[in-house]
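Trainee: Could we zoom in on one small piece of this model, somewhere the backbone does something odd? Then walk me outward from there, please.

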Amino acid sequence: MSEVGASRASWNTYRDVEVSFKVNGKEVRVRVKPYERLLDVLRNKLGLLSVKEGCGRGECGSCVVIMNGKLIPTCLTLAVRAEGSEILTLEGIAPEGKLHAIQKALLDTYSMQCGFCFPGVIMASKYLLDKNPDPTEDEIRDALDGNICRCGSYLRFIKAVKLASKYIKEGKVFFDESEVLR
Amino acid sequence: MFRFDVYVPKDLRDALEAFKIYGEELVPIAGGTDLLVLYRQGMVRFKALLDLWSLRNELSYVKLEGGLVKIGALTTIDELSSSELLKDKRFAGLRDACKTFASPFIRSVATVGGNVGAAHPLSDITITLLTYDASVKVRSLEGERVVPLKSFFLDKRKTVKRPDELITEVFFSEPPNNASSAFIKLDRKVGHGMGYVAVGVYAELDGDVIKDVRIAFDSMGRAFPERALMTENALRGMELSERNVDKVVREVLPKEMGRISDYRASAEYRLHLSQVLLKRALLGVGRRVRGE
Ligand SMILES: Cc1cc2nc3c(=O)[nH]c(=O)nc-3n(C[C@H](O)[C@H](O)[C@H](O)COP(=O)(O)OP(=O)(O)OC[C@H]3O[C@@H](n4cnc5c(N)ncnc54)[C@H](O)[C@@H]3O)c2cc1C
Ligand code: FES
Ligand code: FES
């Protein structure tokens with residue numbers, strides 16, 4: 001039997017568990033509580049502040065990351081489930097100092113208002129474009145329909161994903177900051 | 001919110017054995033998209049979770065075997081919707097249910113077994129599985145038993161499953177070629193998932209005649225998905241025409257359906273929607289069977 005944070009003989013042990021996984025290409029090893037959410041571990045223990053808590057109940061999409069190739073809500077994922085996995089957060093989608101085509105396209109379309117929803121929107125868009133480089137408008141709407149943007153940039157997101165798809169098809173996946181900062 | 005332990009079993013046997021140690025304080029978790037929301041709202045209590053994710057290599061599949069369509073309890077909504085088997089028109093309703101299910105990131109973790117285990121009215125896969133007259137396979141250390149899905153629920157969040165039993169599979173007979181299905185949900189916002197009213201319809205046609213039909217709603221009065229048996233009886237043997245469907249939907253369905261009023265919709269509106277959506281679903285199934 002493999003136990004995680006549980007002792008057979010007694011209750012209320014809540015022992016820390018050591019969890020190893022890869023995040024943004026780097027091997028990490030952290031001690032987590034059995035009841036901790038992946039969201040809190042990524043944010044508080046690993047300092048990945050792009051992972052945001054909006055609703056904490058699967059309804060807003062601001063906490064999503066790509067884990068083993070799947071877009072998942074980290075607010076509804078136990079941290080112990082990360083064991084042996086590969087996780088990609090916004091911090092890892094482009095090399096240091098560069099921006100991903102999706103980020104560039106979001107800037108080009110003036111999509112950002114407060115930007116709180118951006119990490120989730122970008123990860124959901126990347127998840128879509130990785131599988132489907134040339135999505136239709138309906139496919140884009142479907143891919144982003146779990147991401148709530150309180151500022152209401154939805155229509156610009158659609159334009160941005162189309163533009164990002166164009167950049168990527170042209171072979172331009174990463175951009176220098178000098179190419180985008182205005 | 002309270003603290004809890006997590007037990008990660010190495011296989012199904014190990015998972016079942018864990019109940020011997022932890023007893024009823026151990027609660028299974030699959031995708032967690034139902035359970036962890038309830039946990040956060042303070043609506044469930046447990047001392048430890050049994051993490052079923054490690055059983056995915058055993059219990060995630062969609063396959064046809066000996067005339068039965070079998071779906072492993074840990075199959076995610078994503079996996080169900082992309083399964084080759086369900087591409088066929090006979091399973092169109094299951095595809096509808098997957099397509100309108102929550103959002104992409106919920107679909108990648110929510111499971112079929114969890115949808116049944118949630119025992120909640122707004123359980124889209126469960127509603128559709130009822131129209132296929134599916135059965136649920138549950139396992140404990142004492143062995144396996146099979147419970148028809150239509151007698152699985154006792155109340156909202158209450159099922160006939162004992163706390164030491166795990167759902168391992170749902171299965172149903174392979175439908176004949178003259179069959180198809182549909183699922184329609186009316187929702188305030190796409191992606192949120194919980195509709196006001198949801199209906200599933202399965203029908204077998206003989207030419208234009210309804211040879212067999214099964215209808216399930218999110219609720220018929222009690223707070224879990226159920227079949228509309230009187231309406232099914234009235235339709236069986238009838239010609240599938242707009243006029244006939246209209247008549248049955250107006251005259252028979254209200255006799256057996258009880259709807260509630262709450263902050264989201266009134267009972268009258270819910271009944272009206274149920275009638276309209278059922279009609280739409282039935283006529284849609286007709287078109288699907290005929291390949292239109
Ligand atoms: C934002 C959001 C949107 C949603 N939208 C929809 C929607 O559109 N349609 C819909 O139908 N549902 C929806 N849901 C509800 C939920 O996603 C589904 O009920 C889902 O199928 C639950 O599966 P799960 O694997 O996450 O279950 P879990 O939360 O892991 O478990 C649910 C219950 O079943 C039990 N259980 C799970 N697996 C087993 C097993 N193998 N054996 C024994 N018991 C088991 C658990 O103990 C628990 O009581 C939504 C939820 C959220 C958060
Ligand atoms: S915080 Fe996870 S979906 Fe809203
Ligand atoms: S830009 Fe403010 S929430 Fe989306």
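Mentor: Quick bit of bookkeeping: helices (H or I, at least four residues) and strands (E, at least two) are DSSP runs, numbered from the N terminus. What you have is a predicted model, with pLDDT of at least 70 needed for local features and 80 or more for side-chain atom pairs, while totals for chains, interfaces and linings use all residues. Residues count from 1 along each chain as written, chains are lettered from A and ligands numbered from 1 in written order, and side-chain values use heavy atoms, without hydrogens or water.

Now the odd spot. Go to the loop of chain B between α7 (112–117) and α8 (124–131), and you'll find Ala119(B). Its phi is positive, about 50°, even though Ala119(B) isn't a glycine. As background, most residues other than glycine have a negative phi. Is Ala119(B) buried or exposed? Its relative accessibility is 0%, so Ala119(B) counts as buried (buried is under 20% relative accessible area, exposed over 50%, partly exposed in between, with a 1.4 Å probe and protein chains only).

Step back along chain B and you meet another one. Ala102(B) has a positive phi too, about 40°, and it's not a glycine either. Look for Ala102(B) in the loop that runs between α5 (92–99) and α6 (104–107) of chain B. With a relative accessibility of 12%, Ala102(B) is also in the buried class.

Further along the chain, take a look at α10 of chain B, residues 242–251, where Val245(B), Val248(B) and Val249(B) are buried. Down the axis of α10(B), the buried residues sit within an arc of 95°, so they line one face of the helix (the arc is that of the directions from the helix axis to the C-beta atoms). Turn to the face pointing away from that buried side of α10(B) and you see Arg243(B) and Arg250(B), both exposed. The cover over the buried residues of α10(B) includes three helices of chain B: α9 (229–235), α11 (253–256) and α12 (267–289), going by contacts (heavy atoms within 4.5 Å).

Zooming out to the whole of chain B, you get twelve helices and 14 strands. Its radius of gyration is 19 Å, close to the 19 Å from the globule rule for 292 residues, so chain B is as compact as a globular protein of that length (radius over C-alpha atoms; the rule is 2.2 Å times the number of residues to the power 0.38). Lined up on the principal axes, the C-alpha atoms of chain B fill a box of roughly 60 × 45 × 35 Å. Of those 292 residues, 58% are buried. If you take contacts in chain B between residues at least 6 apart in sequence, 62% of them link residues at least 24 apart.

Then there's chain A, with six helices and eight strands. Reading from its N terminus, the order in chain A is β-β-β-α-β-β-β-β-α-α-α-α-β-α. The C-alpha trace of chain A spans about 60 × 30 × 30 Å along its principal axes. Chain A has 182 residues, and 53% of them are buried. For contacts in chain A with a separation of 6 or more, residues 24 or more positions apart make up 57%.
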